[in-house]
Amino acid sequence: MISPNAHLASLPVYEPGRPIEEVARELGLDADAIIKLASNENAFGPSPKAVKAMRDVLKQNHLYPDGSGYELRQAIARKHGLKMEQVVLGNGSNEIIEFIGHAYLGFGDEMVISQYAFAIYELVARIFQASVVETPAREYGHDLAAMRQAITAKTRVIFVANPNNPTGTCVSASELEAFIRSVPDHVLVVIDEAYQEFQPSAPDTSRLIVEKPNLLVMHTFSKAQGLAGLRLGYGLASMEVAAALQKVRQPFNANLPAQAAGVAALEDEAHIARTVKRVASGRAFLQKAFARRKLRCVPSSANFVLVQVGNGREVFEKLLRHGVIVRPMQGYKLPEWIRVTVGTPSQNRCFLKALDAVMATF
Ligand SMILES: *Cc1c(COP(=O)(O)O)cnc(C)c1O
């Protein structure tokens, strides 16, 4: 029997949020009655302009998309004040993380991450046989000084998600900028800004690329733009780093509807502003509700809240039976916690009602 590469044997399988249809099948529930607050999607839906743009290109789907992604990369470059050659498209920003592995990681290399970092970083390190150096968190967030200290001659990549997933913490603009400037030139410093829109004071660090050729900033259309199903994200970097990532990219990784929707979504600032406002109010509602129930939560700068419920796995399982999907956190070594995405007002109320019923069983 042919065996896969040996280092894959101990590789954990990433556990995504449970899909609605799967939970419906398994528990014999009606899919329409299930609420998914498990993957930090936009509960208010995609930009209507992006939906129209996708509809408009459906009849051209017998053709390959523009392999260079010209229009979308131009639009992204304009938004960030960069050149098109500094923009790399990904099939979700998760794919950009994989490009980093292809371009910069190998056996013997080190990746520095924080405790409670996004799980995909470590997964990619291990796929490319790099080792992971994890620094302890500070109040569930990044300890940037400790991360800086952990850099060695073998370090190739360092990741900071700001705001962070799964904890929702954010570091200040001045702290982050000082940190980026302090990272030595032999290390690629990656700032993952998947949730940047939700924290208006979070800096757009792409401004620093001009002085830091070893900086890579990642963005996604999956969260504030509400296009998680489409799979679209991008990386911003110096010409040199962007060129290295382009080399390992499949030419059609950003598909035709995705490129069209991306351009429209970038222009639809009203949709993003509406989303951000609604998320802030839903987040405040949930955080207050947790406080009233004496449940500890980490103050969040994103569209989800990490809350300490006791036995996270059991609460997750029991919530499923009430038709509410959240995310258990034992994979992040936070077994007492669940992560819940901010939903619509009615979804948030349904979740709290189910949570109250579940907590009463303990
Ligand atoms: C959701 C998320 C992403 C984006 O994932 P996509 O592949 O673009 O859907 C990236 N980083 C973090 C930390 C995230 O939570």
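These exercises, each with a worked solution, deal with a predicted model.

**Exercise 1. The two domains**

State how the chain is divided, and describe the contact between the parts.

Solution.
- Step 1. Start with the bounds. Domain 1 covers 6-45 + 270-359, and domain 2 covers 48-267.
- Step 2. Find the spacing. The C-alpha centres of the two domains are 24 Å apart.
- Step 3. Look at who takes part. Domain 1 brings 32 residues to the contact, and domain 2 brings 30 residues.
- Step 4. Turn to area. About 2,500 Å² is buried between domain 1 and domain 2. Carbon and sulfur atoms give 65% of that area.
- Step 5. Pick out the main contributors in domain 1. Ile272, Ser301 and Tyr332 lose the most area to domain 2. Together they make up 23% of what that side buries.

**Exercise 2. The side of domain 1 that touches domain 2**

Work out which kinds of polar link cross the interface, and what the domain 1 side is made of.

Solution.
- Step 1. Search for salt bridges across the interface of domain 1 and domain 2. There are zero.
- Step 2. Search for polar contacts. Eight residue pairs are found across the interface, both residues at pLDDT 80 or more.
- Step 3. List the elements that give two or more residues on the domain 1 side. They are α10 (269-292), β9 (304-308) and β12 (337-341).
- Step 4. Rank them. α10 gives the most, with seven residues.
- Step 5. Sort the residues of this side by class. There are 15 nonpolar, eleven polar and six charged residues.

**Exercise 3. Salt bridges**

How many salt bridges does the whole structure have, and how exposed are the partners in three of them?

Solution.
- Step 1. Take the total. The whole structure holds 13 salt bridges.
- Step 2. Examine Glu26 and Arg18. Their side chains meet at 2.8 Å, N to O. Glu26 has 55% relative accessibility, so it counts as exposed. Exposed means over 50%. Arg18 has 17%, so it counts as buried. Buried means under 20%.
- Step 3. Examine Glu122 and Arg126. Their closest N and O atoms are 3.7 Å apart. Both residues sit in helix α5 (residues 119-127). They are four residues apart, so about one helical turn separates them. Glu122 is partly exposed at 30%. Arg126 is partly exposed at 27%.
- Step 4. Examine Glu211 and Arg181. This salt bridge spans 2.8 Å, N to O. The pair links distant parts of the chain, 30 residues apart. Glu211 lies in the loop between β6 (188-192) and β7 (215-220), while Arg181 lies in helix α7 (residues 173-182). Glu211 is partly exposed at 42%. Arg181 is partly exposed at 42%.
- Step 5. Check for shared partners. Glu15, Arg313 and Glu317 are joined into one network by salt bridges.

**Exercise 4. Helix α5**

Which residues of α5 are buried, and what covers them?

Solution.
- Step 1. Name the buried residues. In α5 these are Ile120, Tyr121, Leu123, Val124 and Ala125.
- Step 2. Set them beside the salt-bridge pair of this helix. Glu122 is partly exposed, and Arg126 is partly exposed.
- Step 3. Identify the cover. It includes α4 (93-104), β3 (110-114), β4 (131-135), β5 (155-161) and β6.
- Step 4. Move past the helix end. Gln129 follows α5, and its phi is positive, near 60°.

Notes: Residues are numbered from 1 along each chain as its sequence is written. This is a predicted model: local features need pLDDT of at least 70, side-chain atom pairs count only at pLDDT 80 or more; totals for chains, interfaces and linings use all residues. Side-chain values use heavy atoms; hydrogens and water are left out. Domain bounds come from an automatic or database domain assignment. Contact means heavy atoms within 4.5 Å. Buried area is the accessible area (1.4 Å probe) that two parts lose on being put together, summed over both. A salt bridge is a side-chain nitrogen of Lys or Arg within 4 Å of a carboxyl oxygen of Asp or Glu. A polar contact is a pair of N or O atoms within 3.5 Å; within protein, one must be able to donate a hydrogen and the other to accept it, and residues adjacent in sequence count only if both atoms are side-chain atoms. Ala, Val, Leu, Ile, Met, Phe, Trp, Tyr, Cys and Pro count as nonpolar, Asp, Glu, Lys and Arg as charged, and the others, Gly among them, as polar. Buried means under 20% relative accessible area, exposed over 50%, partly exposed in between (1.4 Å probe, protein chains only).
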